[in-house]
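Work through these exercises with the structure open beside you. Try each task before you read its solution.

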Amino acid sequence: MKRILLPVALCGALLAGACSNMTREEQTTLSGGAIGAAGGAAISALAGGNAGVGALIGGAAGAIAGNLKGKGYW
């Protein structure tokens, strides 16, 4: 467990720091894509489908919605 904890913590710190110089539009696109991918994978897996395909479709839809939100359309 200790061997996994350090790399996971480092990856989390790198990901959090990488978003600090992003514009609002870039941040909403990224977060929309991540939320959409997680939701798509979960729904697809619960429905008995391929979780990877669900994540791909959900991520694309979430990124588009996040981008539109960042541009102020919503």
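**Exercise 1.** Find which residues R24 is in contact with, leaving aside its neighbours within four places in sequence.

*Solution.* Step 1: apply the cut-off. Contact means heavy atoms within 4.5 Å. Step 2: list the partners. R24 is in contact with K69 and G70, once neighbours within four places in sequence are left aside. Step 3: place R24 itself. R24 sits in helix α2. Helices are DSSP runs of H or I with at least four residues, strands are runs of E with at least two, and both are numbered from the N terminus. Step 4: compare sequence and space. R24 and K71 are 47 residues apart in sequence, yet their C-alpha atoms are 8.4 Å apart in space.

Before going on, note the ground rules. This is a predicted model, in which local features need pLDDT of at least 70 and side-chain atom pairs count only at pLDDT 80 or more, while totals for chains, interfaces and linings use all residues. Residues are numbered from 1 along each chain as its sequence is written, and side-chain values use heavy atoms, with hydrogens and water left out.

**Exercise 2.** Sort R24, T28, S31 and A34 into buried, partly exposed or exposed.

*Solution.* Step 1: recall the classes. Buried means under 20% relative accessible area, exposed means over 50%, and partly exposed lies in between (1.4 Å probe, protein chains only). Step 2: apply them.

- R24 is exposed because its relative accessibility is 56%.
- T28 is buried because its value is 16%.
- S31 is partly exposed because its value is 35%.
- A34 is partly exposed because its value is 48%.

Step 3: look at the partners of T28. Not counting residues up to four places away in sequence, T28 touches G66, K69 and G70. Step 4: check two C-alpha pairs. S31 and N67, 36 residues apart in sequence, are 9.5 Å apart in space. A34 and G59, 25 residues apart along the chain, are separated by 6.1 Å.

**Exercise 3.** Describe helix α2: what is its span, and what do its buried residues pack against?

*Solution.* Step 1: work out the expected span. The rule is 1.5 Å times one less than the number of residues. Step 2: compare. Helix α2 covers residues 24–46, has 23 residues and reaches 33 Å from its first C-alpha to its last, close to the 33 Å expected. Step 3: list its buried residues. They are T28, G32, G33, G36, G40, A41 and S44. Step 4: find their partner. These buried residues pack against α3 (51–70). Step 5: look past the end. α2 is followed by G48, whose phi is positive, near 90°.

**Exercise 4.** Which residues form a nonpolar patch on the surface?

*Solution.* Step 1: know the rule. Patch residues have over 30% relative accessible area and no salt bridge (a side-chain nitrogen of Lys or Arg within 4 Å of a carboxyl oxygen of Asp or Glu). Like charges are joined within 9 Å, and nonpolar side chains (Val, Leu, Ile, Met, Phe, Trp, Tyr) within 5 Å. Step 2: name the members. I64, L68, Y73 and W74 form the patch, with about 510 Å² of accessible area together. Such areas come from the Shrake-Rupley method with a 1.4 Å probe; for residues, only the protein chains shown count as cover. Step 3: take one member. Y73 lies in the segment after α3. Y73 is exposed because its relative accessible area is 60%.

**Exercise 5.** How many helices and strands does the chain have, and which element has the lowest mean pLDDT?

*Solution.* Step 1: count. The chain has 3 helices and 0 strands. Step 2: read confidence. pLDDT is the predictor's confidence in each residue, from 0 to 100. Helix α1 (residues 2–18) has the lowest mean, 69, and α3 the highest, 93. Step 3: draw the lesson. Where pLDDT is low, the predicted coordinates should not be read in detail.
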